[in-house]
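Open the model in your viewer and keep the sequence panel beside it. The tour below goes stop by stop, each time saying what to select.

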Amino acid sequence: MTTLFISDLHLCAERPAITDLFLEFIHEHAAQADALYILGDWFEYWIGDEAVTDDEYRSIVTTIQKITDSGTPVFIIPGNRDFLIGNRFEEYTGCRLLPDPSVIDLYGKRVLVMHGDSLCTDDHEYQTFRQHVRSEDWKRDYLAKTVEERHNIVRELRERSNVAKARKKPEIMDVNGHAVNEIMRTHQVYDLIHGHTHRPGEHVFDLDGKRARRMVLGDWYENGSVLRCDADGWVLETLPLHAPA
Ligand code: MN
């Protein structure tokens, strides 16, 4: 059997082909898996759990409900885009929220899973912003606003983020090696899986004299990306996006 990991789908109404690819992935791969982990930025943005009943998300929510009902566990770690996913989402979909980071048991191996944005410590501006919006005060104030106001704030934040990213050096937006070592030491693991950077790949390195591995999931912009794990090993695969009919 297999455990699957995905992240950075950035699902939204503007990119229906990616939603279709995700639904196909659920039916053809995830429904038969031991478990599915979604490590953040599943959605392009999340304005609060009222959205779980929106038409925009209906096909996604009903498909996920079906597989959790039939006994396939779906674990989610919120990303920087969808960190407002909360308990109502969990109850409605049957998904289970995990803290970022979390240690899981993957076929007898201790593995750390996380979104990955907290490892990008060279981007001081982003880390300041992250601290601000993740505060309980900010979240409470935001969720107290009307849905329309919340959409407007998200639009503004997305625009500001695009402007900021365009002028930052690419290496600033990657993970910091010391932050990676530190978090792996803290949790006593030699395997880490994360997303966020949109730089898919496997990094093998020495951590305190032992072989360590950091697997980075890819985004779902040009195609899908999935990490398939079983007791024998890990394979990072690409899911082709069908050409529009
Ligand atoms: Mn992200």
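How many Å² does the protein chain expose, and what share do carbon and sulfur atoms supply? The exposed area is about 12200 Å², and carbon and sulfur atoms supply 50% of it. Keep in mind throughout that this is a predicted model.

**Stop 1: the whole chain**

Show the protein chain as a cartoon. It has seven helices and eleven strands. The radius of gyration is 18 Å, close to the 18 Å that the globule rule gives for 245 residues, so the chain is as compact as a globular protein of that length. Turn the C-alpha trace along its principal axes, and the spans are about 55 × 40 × 35 Å.

Now colour by burial. Of the 245 residues, 49% count as buried. Contacts can be sorted by distance along the sequence as well: among those between residues at least 6 apart, 65% join residues at least 24 apart.

**Stop 2: strands 1 and 2**

Select residues 3-6, which are strand 1, and residues 35-38, which are strand 2. These two strands pair in the parallel sense over four bridges. To see one matched position, label Ile6, which stands opposite Ile38 in strand 2.

Are the faces of strand 2 covered or open? Both are covered: Ala35 and Tyr37 on one side, and Leu36 and Ile38 on the other, are all buried.

Move on to Asp8, in the loop between strand 1 and helix 1 (16-28). Asp8 has a relative accessible area of 0%, so it is buried. Its phi is near 55 degrees, a positive value in a residue other than glycine. Most residues other than glycine have a negative phi.

**Stop 3: the manganese ion**

Select the manganese ion and show the side chains around it. Which residues coordinate the manganese ion? They are Asp41 (OD), Asn80 (OD1), His115 (NE2) and His196 (ND1), at 2.1 to 2.3 Å. Along the chain, these donors follow the spacing D-x38-N-x34-H-x80-H.

Take Asp41 and Asn80 as a pair. Asp41 lies in the loop between strand 2 and helix 2 (58-69), while Asn80 lies in the loop between strand 3 (74-76) and helix 3 (87-93), so the pair ties together parts that are 39 residues apart in sequence. Buried means under 20% relative accessible area. With 2% relative accessibility, Asp41 counts as buried. Asn80 has a relative accessible area of 19%, so Asn80 is buried as well.

Next, centre on His196, found in the loop between strand 7 and strand 8. At 17% relative accessibility, His196 counts as buried. Look at its backbone too: phi is positive, about 80 degrees, although His196 is not a glycine.

**Stop 4: a cis peptide bond**

Zoom in on Asp100 and Pro101. A cis peptide bond joins them, with omega about 0 degrees. Most peptide bonds are trans. Pro101 sits in the loop between strand 4 (96-97) and strand 5.

**Stop 5: the five-stranded sheet**

Continue from Pro101 into the sheet. In what order do the five strands lie? The order is 5-6-7-9-8, in an open sheet with mixed pairing. Strand 5 (102-106) and strand 8 (201-207) are the edge strands, and each pairs on one side only. From one strand to the next, the twist averages 25 degrees.

Select residues 109-114, which are strand 6. Strand 6 and strand 5 pair in the antiparallel sense over five bridges. For one matched position, label Ser102, which stands opposite Val113 in strand 6.

Then show helix 7 (residues 177-186), which packs on the sheet. Helix 7 touches strand 6, strand 7 (191-194), strand 8 and strand 9 (210-216). Its direction makes about 70 degrees with that of strand 8.

**Stop 6: Glu237**

Finish at Glu237, in strand 11 (residues 233-239). Glu237 has a relative accessible area of 27%, so it is partly exposed. Which residues does Glu237 touch, not counting residues up to four places away in sequence? They are Gly224, Ser225, Val226 and Arg228. As a last step, pick the C-alpha atoms of Glu237 and Leu217: these residues are 20 apart along the chain, and the atoms are separated by 9.3 Å.

Technical notes. Residues numbered from 1 in each chain as written. Heavy atoms only, no water. Pairing = 2+ DSSP bridges. Axes fitted to C-alpha atoms, helices over the stretch in contact; angles between N-to-C directions. Contact = heavy atoms within 4.5 Å. Donors = N, O, S within 2.8 Å, 3.2 Å for Na, K, Ca; no water. Buried < 20%, exposed > 50% of the residue type's maximum accessible area, 1.4 Å probe, protein only. Rg over C-alpha atoms; globule rule 2.2 N^0.38 Å. Areas by Shrake-Rupley, 256 points an atom, 1.4 Å probe, with all protein chains shown as cover.
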